Each structure stands twice: as structure tokens, then as C-alpha cells.
Amino acid sequence: MQHNQAAQTARDDLVAIVSNRNKLVEEYNAASEKFNWALFQTRPDMPKRVEELTGIFSLYNGLMGKIIALLMLLFAIGFNLWLYRLEPAATIDPNDNTFQYALVDRTNQIWDFADKTCSKNLSFVICRLSLLVDHWVPNWAQGYNLPTYYSHIPQILIVGSYRIFIRPPLAGLALQGVALQNISLFQYYHIIIYLLLSFFPLAVFLSLRVIRLPLLAAGIGALLATHISTDGLYGLDPSSFLWRGYGLSSQLFAMLPLPLAIAFSLRYFENGSSFGRAVFFLIATISGHLGIGIIAILSLVPLALAKPSLIHIKKL
């Protein structure tokens with residue numbers, strides 16, 4: 001009996017506390033309404049000013065987010081440029097780059113051969129391209145037409161840009177005391193590797209923006225882009241491309257368009273847009289390196305079957 005009375009007393013006390021709390025909340029809300037009404041009476045422009053301040057704070061937060069994201073991207077690229085700054089100084093390759101540069105050098109020889117062989121008319125471009133995409137490589141496996149079976153676009157781009165932009169148009173210029181005509185094809189080849197590896201965070205940043213992730217998320221992705229590594233699995237990590245690594249430089253030409261190819265394909269599966277850009281970056285990935293291109297195509301299979309929504313991805 002005493003226990004029942006104690007329980008009833010405790011229950012009554014609890015009800016009284018809740019009632020008092022509710023009464024205090026009601027009094028506070030009433031006082032707040034009176035204060036706001038009095039404030040708006042003395043300052044009729046207060047609602048407009050509150051709206052303006054809210055807009056300013058939203059704009060400030062958005063601007064700061066953009067600045068922070070861009071600083072992340074610039075830091076990621078700048079850190080790579082500083083960390084790998086000695087890569088262009090290589091004078092000999094101890095890895096697979098020896099074979100990769102042999103293809104570049106052979107493409108350069110074929111360029112000279114095309115200059116002497118192809119007639120200077122409308123068929124000059126067709127003649128040159130036909131020689132560049134299908135020619136004999138004598139220093140691979142006792143010689144065979146390797147470009148027919150191996151991705152040759154990277155070698156053509158390297159030699160073509162070297163011939164057009166480095167020599168002869170800029171042969172007489174100097175950059176930081178070093179004459180550009182002294183930049184050999186071997187040095188230029190390593191400069192291209194250095195720049196492609198350093199600017200990979202930009203490709204990740206753009207791909208994350210393509211699928212409409214926030215700028216901060218894209219900035220974080222740029223920071224982490226070149227910090228993914230494996231234990232010697234020849235993947236898309238720095239050890240595959242550095243001088244002290246494996247020298248798989250041809251993969252770099254596919255590694256940059258790879259995230260963009262997947263991102264634009266994801267947009268196409270989600271709403272049917274960006275088909276042309278998805279195809280373009282898929283072709284660029286496959287042309288850069290067939291193995292990475294196969295990875296890109298296989299990555300599209302689960303995306304096509306699942307048809308993920310970019311809205312749901314953005315909320316993650």
C-alpha cells in the first residue's frame with residue numbers, strides 16, 4: 001500500500017513538472033512573438049534585412065566552399081609537381097620505359113621517313129597517318145608491326161606535339177636559360193610523363209563535378225587521387241610510373257580520361273545526357289591503353305544494370 005502511494009506521488013510530481021515546463025514554453029513563445037512584433041513595429045524593414053543577411057551568409061558559405069575546394073585541387077597538383085620534380089631529369093630508364101621510349105623514338109623515325117616519302121599534296125596527311133599507325137618496329141621481338149596490336153596514340157601525340165611545339169617553331173627561344181632546341185625527345189617524353197602524373201587530381205576533380213558532387217567532395221577526391229597505391233600490382237598508382245618504379249607510362253594516357261569516361265557514362269545511364277562525351281572519353285581511354293580501356297568498359301556493366309541515381313549519390 002505504501003509503495004502504491006509513493007508511486008502515485010511520484011507520478012503526480014512528474015505530471016506537475018511537465019505541466020510547468022509546457023507552461024514555461026508557452027510563456028517563452030508568447031514573449032518571443034511580442035518581442036518580434038515590437039521589433040518589426042519599430043523597424044518595418046527588419047524582415048527584408050533578415051532576408052538580405054541570410055542571403056549574404058549563404059553566399060559567403062558557398063564562396064568559402066568554392067575557395068577551399070579550389071585550394072585543395074591546387075595543393076594536390078602543386079604537391080605532385082614538387083614531389084616528382086626530379087622525374088624529368090632522368091637520363092636513362094631502368095624499367096619498362098626503355099621499351100616505351102623505343103616506340104616513341106621509332107615513331108619519330110617514321111615521322112622523318114614520312115617527310116621524305118609522302119608527296120606534298122592533299123594526300124600528305126593521309127600518307128603520314130597511315131605510316132604512323134602501321135609501321136615496322138625492328139627492335140621488338142625481332143621485329144614486327146607492333147602499332148597494329150598495341151596502343152600507338154600516346155606515341156603519336158608525344159612525337160607530334162614535340163615536332164609542332166618544341167621544334168622548329170620554338171627552337172630559338174629560351175626558357176630559364178635553357179634553349180628549347182636543347183630539349184631532346186627523351187627529355188620531352190619524361191616531361192610529358194611528369195605533367196600527366198602531376199595533373200591526375202584535376203581529372204578526378206572534374207569527374208566528381210560531372211556527377212554533381214559538392215565542390216568540397218571533389219576537392220577531397222583531388223587530394224586523395226594520387227595517394228592510392230598497391231603492393232606492386234602494376235595499377236594506377238605512382239609506383240607504376242615513377243623512375244624508380246615499373247615505367248608503365250603508356251597507362252598514364254588512359255588514366256586521365258578514365259574517371260571522366262565513367263562519370264559521363266554514369267550521367268548517361270541516369271538521365272540519357274552526355275552520350276557523346278561518354279563515348280569520346282571511352283575512346284580516349286581505350287586508345288591510350290587497351291587494358292585500362294577494358295577496365296573502363298567492365299566498370300560500366302554494373303552501372304548500366306543498377307542505373308544509379310546521381311541524386312542518391314549526392315546525398316551519400
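## Helix α11

Let's start with a helix whose length can be checked by simple arithmetic: α11 covers residues 275-288, and at 1.5 Å a residue its 14 residues should span 20 Å. The C-alpha atoms at its two ends lie 20 Å apart, which agrees with that expectation. Bear in mind throughout that this is a predicted model.

Which residues of α11 are buried? They are A278, F281, L282, T285 and G288. Looking down the axis of α11, you will find these buried residues within an arc of 130°, so they line one face of the helix. This fits a general pattern: an α-helix has 3.6 residues a turn, so residues three or four places apart point the same way. The partners of the buried residues of α11 are four other helices by name: α5 (153-166), α9 (252-255), α10 (257-271) and α12 (290-306).

## The protein as a whole

Stepping back, the secondary structure comes to 13 helices and 2 strands. The protein has 316 residues, and buried residues make up 38% of them. Take the contacts between residues at least 6 apart in sequence: 66% of these join residues at least 24 apart.

## Aromatic pairs

The count of aromatic pairs in the model comes to 11. One of them is formed by F75 and F79, with ring centres 5.9 Å apart and planes at 25°; planes under 30 degrees apart count as stacked, so this pair is stacked. Both residues belong to helix α2 (residues 46-83), where they are 4 residues apart, about one turn of the helix. F75 counts as exposed, at 53% relative accessibility, while F79 is partly exposed, with a relative accessible area of 30%. Ring pairs also bring in W82, linking F75, F79 and W82 into a cluster.

A second pair takes us back to α11. F280 and F281 meet edge-to-face, 5.1 Å centre to centre and with 80° between the planes. Are these two rings on buried or exposed residues? F280 is exposed, with a relative accessible area of 53%, whereas F281 counts as buried at 18%, in keeping with its place among the buried residues of α11.

## The disulfide, and a charge over a ring

The model holds 1 disulfide, which joins C118 to C127 with an S to S distance of 2.0 Å. What is its handedness? The torsion about the S-S bond is about -75°, so the disulfide is left-handed. As for the two cysteines, C118 is buried, with a relative accessible area of 5%, and C127 counts as partly exposed at 23%.

R128 has a ring for company: its charged end sits over the ring of W111, 4.5 Å from the ring centre.

## P147 in its loop

Finally, have a look at P147, found in the loop between α4 (124-133) and α5. Although it is a loop residue, P147 counts as buried, at 8% relative accessibility; the cut-off for buried is under 20%.

What does P147 touch, leaving aside its neighbours within four places in sequence? Its contacts are L132, V133, D134, H135, V137 and H152. For H135, the separation from P147 is 12 residues in sequence and 6.7 Å in space, C-alpha to C-alpha.

Note on methods
Residues are numbered from 1 along each chain as its sequence is written. This is a predicted model: local features need pLDDT of at least 70, side-chain atom pairs count only at pLDDT 80 or more; totals for chains, interfaces and linings use all residues. Side-chain values use heavy atoms; hydrogens and water are left out. The expected span of a helix is 1.5 Å times one less than its number of residues. Buried means under 20% relative accessible area, exposed over 50%, partly exposed in between (1.4 Å probe, protein chains only). The arc is that of the directions from the helix axis to the C-beta atoms. Contact means heavy atoms within 4.5 Å. A disulfide is a pair of cysteine sulfur atoms within 2.5 Å. Rings of Phe, Tyr and Trp (its six-membered ring) pair if their centres lie within 6.5 Å; planes under 30 degrees apart count as stacked, over 60 as edge-to-face and the rest as tilted. A charge sits over a ring if NZ of Lys or CZ of Arg is within 6 Å of the ring centre and within 35 degrees of the ring normal.
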